[in-house]
Amino acid sequence: THELCLSICQELQTKLAIIQMNRCYCLKGSSPHPVNVTKDFESFRAKSCGDLCPGNEHERCGNKETIVAFQILDSRRTFTY
């Protein structure tokens, strides 16, 4: 689920949470340039966020061609989707 992936990435103190189907990736974002998910990836925005999540049928978790990305901001509970 989105919540599970985000909580794991928060505990690892990473800056980006990526969900693809049943996998969660936590990226530190150690790029010399800050990443702005909303601005930098706007051209890749999809109308559908893929298939339903295995752990929550009310969320979408991507598919083979789509990922769901969350930028974790400094605040522990603030995300951009």
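So, Leu 12: that one sits in the loop between α1 and β1. Before I go on, keep in mind that this is a predicted model. Leu 12 joins Leu 4 and Ile 8 in a nonpolar patch on the surface, and together the three have about 280 Å² of accessible area. Right next to it in sequence is Gln 13, just after α1, and Gln 13 takes a positive phi of about 55 degrees.

Okay, who else touches Leu 12? Lys 28 does, and Lys 28 also touches Thr 14 and Lys 15, if you leave out residues up to four places away in sequence. You'll find Lys 28 in the loop between β2, residues 23–27, and α2, residues 37–40. Its C-alpha atom is 6.5 Å from that of Leu 16, although the two are twelve residues apart along the chain. And is Lys 28 buried or exposed? The cut-off for exposed is over 50% relative accessible area, and Lys 28 comes in at 59%, so it counts as exposed.

Now back up into α1 itself. Which residues of the helix are buried? They're His 2, Cys 5, Leu 6, Cys 9 and Gln 10. Look down the axis of α1 and these buried residues fall within an arc of 135 degrees, so they line one face of the helix. It helps to remember that an α-helix has 3.6 residues a turn, so residues three or four places apart point the same way. Flip to the face of α1 turned away from the buried side, and you get the exposed residues Glu 3, Leu 4 and Glu 11. Leu 4, you'll recall, is part of that surface patch.

Next, the inside. The largest nonpolar core has ten residues: Cys 5, Leu 6, Cys 9, Ala 17, Ile 19, Cys 53, Cys 61, Val 68, Phe 70 and Ile 72. The elements giving two or more residues to this core are α1 (2–11), β1 (16–20) and β5 (68–72). Take Cys 5 on its own: leaving out residues up to four places away in sequence, it touches Ala 17, Ile 18, Ile 19, Cys 24 and Tyr 25.

Last, the whole protein. We've got two helices and six strands, and along the sequence the pattern reads α-β-β-α-β-β-β-β. There are 81 residues, of which 27% count as buried. Among contacts between residues at least 6 apart in sequence, 46% join residues at least 24 apart. As for the surface, the protein exposes about 6,100 Å², with carbon and sulfur atoms supplying 53% of that.

Key:
Residues are numbered from 1 along each chain as its sequence is written. This is a predicted model: local features need pLDDT of at least 70, side-chain atom pairs count only at pLDDT 80 or more; totals for chains, interfaces and linings use all residues. Side-chain values use heavy atoms; hydrogens and water are left out. A nonpolar core is a set of buried Ala, Val, Leu, Ile, Met, Phe, Trp, Tyr and Cys residues joined through side-chain atoms within 4.5 Å. Buried means under 20% relative accessible area, exposed over 50%, partly exposed in between (1.4 Å probe, protein chains only). Helices (H or I, at least four residues) and strands (E, at least two) are DSSP runs, numbered from the N terminus. Contact means heavy atoms within 4.5 Å. Patches are made of residues with over 30% relative accessible area and no salt bridge: like charges are joined within 9 Å, nonpolar side chains (Val, Leu, Ile, Met, Phe, Trp, Tyr) within 5 Å. Accessible areas come from the Shrake-Rupley method with a 1.4 Å probe; for residues, only the protein chains shown count as cover. A salt bridge is a side-chain nitrogen of Lys or Arg within 4 Å of a carboxyl oxygen of Asp or Glu. The arc is that of the directions from the helix axis to the C-beta atoms.
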